[in-house]
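Visitor: I've got a few things I'd like to ask about this one. Could you pull it up so we can go through it together?

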Amino acid sequence: MSVAALFESERHAMIERQLRRRGIHDEGVLRAMFEVPRHEFVPADQREAAYDDRPIVIGDEQTISQPYIVAAMTEAARIEPGDKVLEIGTGSGYQAAVLAHLGAQVISLERNPWLAATARERLARLGYAGIQVVTYDGSGGYPSVAPYAAILVTAAAPKVPQMLLDQLADGGRLVIPVGTLQQQTLELILKDGDRLTVHDLDPCQFVPLIGEQGWPERSR
Ligand code: SAM
């Protein structure tokens with residue numbers, strides 16, 4: 001079996017065993033996660049583990065999230081083609097690529113300049129020309145091009161930053177892990193006019209959102 005065929009069969013197993021079996025049913029999300037070559041988003045010496053059921057360290061104490069968490073966040077965000085979507089925490093660029101496969105116009109913020117540059121180069125090489133990676137403390141969002149149909153925060157926040165709610169369009173969705181440094185709950189917040197509805201999704205463990213609206217730098 002060629003290496004490409006091997007990765008494809010691992011992707012297929014990931015979809016069936018880790019995602020569909022755990023309740024991810026959105027066919028668009030499942031297709032996007034089948035199409036994005038996750039092994040291209042991990043360090044070279046971790047490629048064999050790319051489709052394992054866990055997060056993987058990508059450098060500077062940061063991680064690419066577990067496949068199930070990426071799927072759960074993407075499904076919760078109910079992405080429609082053409083949606084302007086803000087991701088906070090580019091990391092490897094994997095979540096941004098999944099969003100782009102669903103037709104989103106993706107702006108992704110990363111505070112770590114090395115990770116931002118690496119993700120930018122990787123996404124360009126893989127043909128994701130439309131994803132805009134910005135080196136920026138995104139804990140308060142990115143107001144200059146708001147509002148967003150969806151905001152996904154892929155790092156753990158101590159509370160929901162009001163600034164992110166302000167940058168959601170009417171009908172917008174915010175998906176964010178909220179809690180302590182050790183343990184969080186993945187929350188989905190729906191904005192309908194002046195009304196906000198909060199849904200608790202899954203327990204989760206993310207690296208901290210560092211910055212003005214997140215945790216202080218020393219908490220790492
Ligand atoms: N979504 C990523 C992926 O698909 O690989 C995984 C994100 S990783 C779990 C969390 C990322 O959030 C790290 O790369 C970290 O540097 C970044 N981060 C933490 N605080 C941030 C902030 N205030 N603004 C932007 N990025 C931040």
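Visitor: How far is a polar side-chain atom of Asp137 from a nitrogen atom of the ligand?
Guide: Keep in mind that this is a predicted model. A polar contact here needs a pair of N or O atoms within 3.5 Å. The pair formed by a polar side-chain atom of Asp137 and a ligand nitrogen makes that cut, at 2.8 Å.

Visitor: And which side chain has an N or O atom 3.2 Å from a nitrogen atom of the ligand?
Guide: Let's rule one out to begin with: Glu87 has a side-chain N or O atom 2.8 Å from a ligand nitrogen. The 3.2 Å pair, again with a nitrogen of the ligand, involves the side chain of Thr154.

Visitor: How much of the area that the ligand exposes when taken alone does the protein bury?
Guide: Start with the site: the ligand sits in the largest pocket. Taken alone, the ligand exposes 610 Å². Of that area, the protein buries 99%.

Visitor: Which element supplies the largest share of the shell around the ligand?
Guide: There are 26 residues around the ligand, with Glu87, Ser92, Glu110, Asp137 and Ile210 coming nearest. Elements that each give the shell at least two residues are strand S2 (62-64), helix H4 (94-101) and strand S4 (105-110). The largest share is 3 residues, and it comes from S2.

Visitor: By class, how many residues of that shell are charged?
Guide: Sort the shell by class and you get 12 polar residues and 10 nonpolar ones. That leaves the charged class, with 4.

Visitor: Zooming out, what is the radius of gyration of the chain?
Guide: The chain has 6 helices and 9 strands. For 220 residues the globule rule gives 17 Å, and the chain comes close to that, so it is as compact as a globular protein of that length. Along the principal axes, its C-alpha atoms fill a box of roughly 55 × 35 × 35 Å. The radius of gyration itself is 16 Å.

Visitor: Which residues does a cis peptide bond join?
Guide: Most peptide bonds are trans. Look in the loop between strand S5 (132-135) and strand S6 (148-153), where Pro147 lies. Omega is about 10° for the cis bond, which joins Ala146 and Pro147.

Visitor: What is phi of Glu61, roughly?
Guide: Most residues other than glycine have a negative phi. Glu61, in the loop between strand S1 (56-59) and S2, has a positive one. Its phi is near 65°.

Terms used
Residues are numbered from 1 along each chain as its sequence is written. This is a predicted model: local features need pLDDT of at least 70, side-chain atom pairs count only at pLDDT 80 or more; totals for chains, interfaces and linings use all residues. Side-chain values use heavy atoms; hydrogens and water are left out. A residue is near a molecule or strand if one of its heavy atoms lies within 4 Å of it. A polar contact is a pair of N or O atoms within 3.5 Å; within protein, one must be able to donate a hydrogen and the other to accept it, and residues adjacent in sequence count only if both atoms are side-chain atoms. Accessible areas come from the Shrake-Rupley method with a 1.4 Å probe; for residues, only the protein chains shown count as cover. On a 1 Å grid over the protein atoms alone, a cavity is a set of points where a 1.4 Å probe fits but cannot get out, and a pocket is an open set with protein on both sides within 12 Å along at least five of seven lines; lining residues have an atom within 4 Å of a point. A molecule sits in a cavity or pocket if more than half of its atoms lie within 2 Å of its grid points. Helices (H or I, at least four residues) and strands (E, at least two) are DSSP runs, numbered from the N terminus. Ala, Val, Leu, Ile, Met, Phe, Trp, Tyr, Cys and Pro count as nonpolar, Asp, Glu, Lys and Arg as charged, and the others, Gly among them, as polar. The radius of gyration is taken over C-alpha atoms; the globule rule is 2.2 Å times the number of residues to the power 0.38.
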